[in-house]
Amino acid sequence: MATKKQQRDETEEFKMLSEEEQLAILQKYDPESNTRNLNGVFKRIVFFGLLAFSIFQLYTAIGIPFTPFIQRSIHLGFALALIFILFPARKKGGVKRNKVPFYDVILSLLAIGVGLYWPLLIDELVLRVGRVSTLDIIVGILAVLLTLEASRRAVGLPIAIIASTFLVYAFYGQHFPGFLAHRGQDLESLVQLMFFTTDGILGTPISVSATFIFVFLLFGSFLVKTGVGGYFNDLAVVLAGRSIGGPAKVAIFSSALQGTISGSSVSNVVGSGSYTIPMMKKLGYKKEFAGGVEAAASTGGQIMPPIMGAAAFLMVEFIGGVSYWDIAKAAAIPALLYFTGVWIMTHFEAKRVGLQGMSEDQIPNRKETLKKIYLLMPILGIIVFLLIGIPTMKAALLGIVLTLVVSAFDKSTRLGFKDIIDALVDGARTALAVAAATACAGIIVGVVVKTGLGLSLATGLITAAGGNIFLTLFFTMIAAIVLGMGSPTTANYVITSTIAAPAIITLLMLDLPAGAAVPIVVAVSAHLFVFYFGIIADITPPVALAAFAAAGISGGDPIKTGVTSAKLAIAAFIIPYMFVFNPAMLMMGASIPEIIWVVFTAIIGMVAIGAGMIGFWYRKCIWIERLLAVGTGLLLIYPETITDIVGLVLFATLFTIQWMSRDKNHDKKNKNMAVAS
């Protein structure tokens, strides 16, 4: 019989985090959540400012958008002005989090002035294109400085440092050695580039933020208001709760769904992990494993179609000639394999330790849960809209409309006027950090374009790798992971796509005639490669913010949690190499039978890799079996006929050996434990 202390410990382990505890973890690991707790007049200013921001964006999305300079500068002005009111200059050190100091009010007013400069002087600025006045230079300098400071507050110090480094490089390029040297830029030409062309702050990154990304963030905000987040958890428990290691599989399933409404790995961890991690601990998972499962699953939400991370929308513009649906379709099989890998390793770990599923009294009412399956209709609707060729932004708008219609089916999910207003405000609040990050990324892109740095670094990367495609991919992976440790996925993707992706494309084009156009499949595979590793940085130690947030919930060691999450997400470190070498995995240029075969062999390969990584299949694996299992999995994932044949033979051999020598006593022990529990 359990003692009172044991019962108390179990109760503590199963206790979900309060909203205050969730907020504390978010503020610690997610700069986007570290905002002031305002009241009084500033609270109302922020509320109506955010509401106006959303209304402006919806107006331009529904009607005829403004010219690029006006649309982007107003978007920038809204974001910067609100960031200086909402985000304190310092996160610690006795800052009064409910007060707005006078200097932030001044910065906010300056941001409004910067945002209105183009709309008010558009005719004059267009007439003297290529020439800047003294006032233009002052406003341009302000735009750069305000963007850097807003990014530091809302996104984090690393992105501001990176962008500042690029600006220094633009000024003093003549002092750099070797292939990095260039003639340098004077202040006037640099300011003109940054704020008076579409190659700088008002360039492609913020264009995507001001159109596609904002509307999809609003779509996610409306979905949240219907209570779909809680429904994701209930549905996951109903579908997976009773299976072996049920709560961990609930975390995987729930986080994959949560990724469609959350653009941040950390917020995804806190949102679903506050529910799933205590359940996993109660079942018997170690703290680090429970946190690792949630971190790995939540991070995968950004690569899970139909609604991926913000950088996926940038990819559409950077590649050109592709739609968002093309990107989402190409990412589908890799995402499936990612979550399959995490699911399989969680299953084997549960079998190894002897953990069973949840008890029947812990499962929500199946009938009532499945009756609310209609809440998934907006997400399915987005897929259909994109599939039939509706433009991306219009698909998101229709998704919002469908959400409002679906919410009316039941009184508990119905959205009233206040809910709609709150959704508009919350969506705009979420967009602030994205706008700051994309504006800051525009600084980086501008310098790369103006100085030719992208071509220089791509050439240098190829030279360092000796022209070897595998080494080039490896160096790119390291660069993306290191950059991702301190900068958001958006900025990481902008840097690596302008520097490393061209090197990958160059090497993949060696077999094609000189001067040939870059095939879409080559461009997509190269850009998805850097995109994936920028995201995986969130669970790669030593700086693994998603894993650290999960450790904050589980009470486990942050570094051990990061190592565990990286191990569970091993598929993400393998699959990008595979689809670069053979893009059939991206469903591009391949027949349906070929695609089915690639998926079949890759899933079997993930089973083998999972067994090798965990060290358990039908019984404990000896070291030689583990090595063979991992090698077999790699052969099966790599989409070539000869590797598939060899891999299938090895897989059948290992499966037979494991099955014939399985530990029946281990299975009986697990069943007895389940009965006892």
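Trainee: In this predicted model, which helix is the place of Ser209?
Mentor: Good place to begin! Look for residues 204-225 in the predicted model. That stretch is where Ser209 sits, and its name is helix H9.

Trainee: Is Ser209 buried or exposed?
Mentor: Let's reason from the cut-off: buried means under 20% relative accessible area. Ser209 has a relative accessible area of 2%, so Ser209 is buried. Leaving out residues up to four places away in sequence, Ser209 touches His75, Phe214, Val434, Ala435 and Thr438. For Ser209, then, the word is buried.

Trainee: Phe214 brings me to the rings. How are the rings of Phe53 and Phe78 arranged as a pair?
Mentor: A pair of aromatic rings is described by the distance of the centres and the angle of the planes. For Phe53 and Phe78, the centres are 4.9 Å apart and the planes meet at 15 degrees. Planes under 30 degrees apart count as stacked, so this pair is stacked.

Trainee: How many residues apart are Phe53 and Phe78?
Mentor: Phe53 belongs to helix H3 (residues 40-62), while Phe78 belongs to helix H4 (residues 68-86). The pair therefore links distant parts of the chain, and the separation is 25 residues.

Trainee: Which residues do ring pairs link into a cluster with Phe53?
Mentor: Phe53 itself is buried, at a relative accessible area of 0%, whereas Phe78 is partly exposed at 22%. Both belong to the cluster. Besides Phe53, its members are Phe56, Tyr59, Phe66, Phe78 and Phe214.

Trainee: What is the distance between the end C-alpha atoms of helix H21?
Mentor: Start with what to expect: H21 covers residues 469-484, which is 16 residues. At 1.5 Å a residue, the helix should span 22 Å. The distance in the model agrees with that, at 22 Å.

Trainee: Within what arc do the buried residues of H21 fall?
Mentor: The buried residues are Thr472, Leu473, Thr476, Met477, Ala480, Ile481 and Gly484. An α-helix has 3.6 residues a turn, so residues three or four places apart point the same way. Seen down the axis of H21, the buried residues line one face, because they fall within an arc of 165 degrees.

Trainee: Which helices are included in what covers those buried residues of H21?
Mentor: Look around the buried residues of H21 for the helices that cover them. Among them are H20 (453-464), H22 (489-499), H23 (501-508), H24 (520-536) and H27 (570-581).

How values were computed
Residues are numbered from 1 along each chain as its sequence is written. This is a predicted model: local features need pLDDT of at least 70, side-chain atom pairs count only at pLDDT 80 or more; totals for chains, interfaces and linings use all residues. Side-chain values use heavy atoms; hydrogens and water are left out. Helices (H or I, at least four residues) and strands (E, at least two) are DSSP runs, numbered from the N terminus. The expected span of a helix is 1.5 Å times one less than its number of residues. Buried means under 20% relative accessible area, exposed over 50%, partly exposed in between (1.4 Å probe, protein chains only). The arc is that of the directions from the helix axis to the C-beta atoms. Contact means heavy atoms within 4.5 Å. Rings of Phe, Tyr and Trp (its six-membered ring) pair if their centres lie within 6.5 Å; planes under 30 degrees apart count as stacked, over 60 as edge-to-face and the rest as tilted.
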